[in-house]
Amino acid sequence: MSCHDIGGGMNYVSIKVLELYKSGMISKEAAIQLVHACRKGVHWCDGNEYEAFEGLIDEGICGLCFEKYDELTNIYDNDIEHPGRYEVFKDYDDSAAHFFLCDKCKAKVIDAYRKKNQ
């Protein structure tokens with residue numbers, strides 16, 4: 001059974017990070033790395049990564065460019081065959097806040113994966 005409390009707590013921190021970024025108190029790069037840390041921090045208590053950034057998804061914040069969009073999609077929802085479907089984001093994961101992306105960033109990641117694996 002997963003711990004939803006740690007996900008909720010990390011989500012609270014992620015929202016605060018977004019507020020600090022929007023106010024100009026921290027850089028985009030710092031904001032991305034802090035949200036990424038929240039995402040990974042849920043593993044200390046058997047949490048779910050997506051819970052740590054649900055508020056950012058609600059706000060429409062892309063995990064790579066950290067810009068606001070009306071719609072984001074999960075990078076793992078793609079037309080790449082298994083097991084590549086789950087490896088497509090591997091090269092971007094460490095530098096991304098999360099794995100819900102705008103259309104432009106998602107296309108960039110998928111194109112890079114396809115070029116690398118031709």
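A salt bridge is a side-chain nitrogen of Lys or Arg within 4 Å of a carboxyl oxygen of Asp or Glu. Glu49 and Arg39 fit that description, with their side chains meeting at 2.6 Å, N to O. Keep in mind that you're looking at a predicted model. Here's a quick tour, starting with that pair and moving on to the helices, the cores and a few odd spots.

**Salt bridges**

- The structure holds eight salt bridges, and the one between Glu49 and Arg39 is a good place to begin.
- That pair ties together distant parts of the chain: Glu49 sits in the loop between H2 and helix H3 (54-59), while Arg39 belongs to helix H2, ten residues apart.
- Buried or exposed: which is Arg39? Arg39 counts as buried, because its relative accessibility is 2% and the cut-off for buried is under 20%.
- Its partner Glu49 counts as buried too, at 17% relative accessibility.
- Glu49 also has a salt bridge with Lys40, where the side chains meet at 3.4 Å, N to O.
- Lys40 is a bit more out in the open: at 31% relative accessibility, Lys40 counts as partly exposed.
- Which residues join up in a network of salt bridges? They are Arg39, Lys40, Glu49 and Asp93.
- Over in helix H1, there's a salt bridge between the side chains of Glu19 and Lys16 (3.2 Å, N to O).
- Glu19 and Lys16 are three residues apart in H1, or about one turn of the helix.
- Both ends of this bridge are partly exposed: Glu19 has a relative accessible area of 44%, and Lys16 has one of 40%.

**How H1 and H2 pack**

- Helix H1 (residues 4-22) packs with helix H2 (residues 28-41) at an angle of about 180°, and their axes are 9 Å apart.
- So H1 runs roughly antiparallel to H2, a label that applies to angles over 145 degrees.
- On the H1 side, the contact is made by Ile6, Met10, Val13, Ser14, Val17 and Tyr21.
- On the H2 side, Lys28, Ala31, Leu34, Val35, Cys38 and Gly41 do the job.
- Sorted by class, this contact has nine nonpolar, two polar and one charged residues.
- Tyr12 is also in helix H1, and at 60% relative accessibility Tyr12 counts as exposed.
- Tyr12 has a neighbour from elsewhere in the chain: its C-alpha atom is separated by 7.9 Å from that of Gly55, though the two are 43 residues apart along the chain.

**The nonpolar cores**

- In soluble globular proteins, nonpolar side chains tend to be buried together.
- Here, the largest nonpolar core has 28 residues, and Phe66 and Phe89 are the ones with the most contacts inside it.
- Which elements each supply at least two residues of this core? They are H1, H2, S2 and helix H4 (103-116).
- H4 gives the most to this core, with four residues.
- Leaving out residues up to four places away in sequence, Phe89 touches Ile75, Tyr76, Ala96, His98, Phe99, Leu101 and Val109.
- Apart from the largest core there's another one, of five residues, including Cys3, Ile6, Cys38 and Ala52.
- Two of the residues named there, Ile6 of H1 and Cys38 of H2, also take part in the contact between those helices.

**Unusual backbone spots**

- Most residues other than glycine have a negative phi, and most peptide bonds are trans.
- Phe66 goes the other way, with a positive phi of about 60° although it is not a glycine.
- Where is Phe66? Phe66 lies in the loop between H3 and S1.
- At 2% relative accessibility, Phe66 counts as buried.
- The peptide bond from His82 to Pro83 is cis, with omega near 5°.
- Pro83 is in the loop between S1 and S2.

**Asn78, a buried loop residue**

- Asn78 has its place in the loop between strand S1 (73-74) and strand S2 (100-101).
- Asn78 counts as buried, because its relative accessibility is 12% and buried means under 20%.
- What is Asn78 in contact with, leaving aside its neighbours within four places in sequence? The answer is Arg85, Val88 and Ile110.

Terms used. Residues numbered from 1 in each chain as written. Predicted model: local features only at pLDDT ≥ 70, side-chain atom pairs only at ≥ 80, totals over all residues. Heavy atoms only, no water. Axes fitted to C-alpha atoms, helices over the stretch in contact; angles between N-to-C directions. Parallel < 35°, antiparallel > 145°, perpendicular 65-115°, else oblique. Contact = heavy atoms within 4.5 Å. Nonpolar A, V, L, I, M, F, W, Y, C, P; charged D, E, K, R; others polar. Buried < 20%, exposed > 50% of the residue type's maximum accessible area, 1.4 Å probe, protein only. Core = buried A, V, L, I, M, F, W, Y, C linked by side-chain atoms within 4.5 Å.
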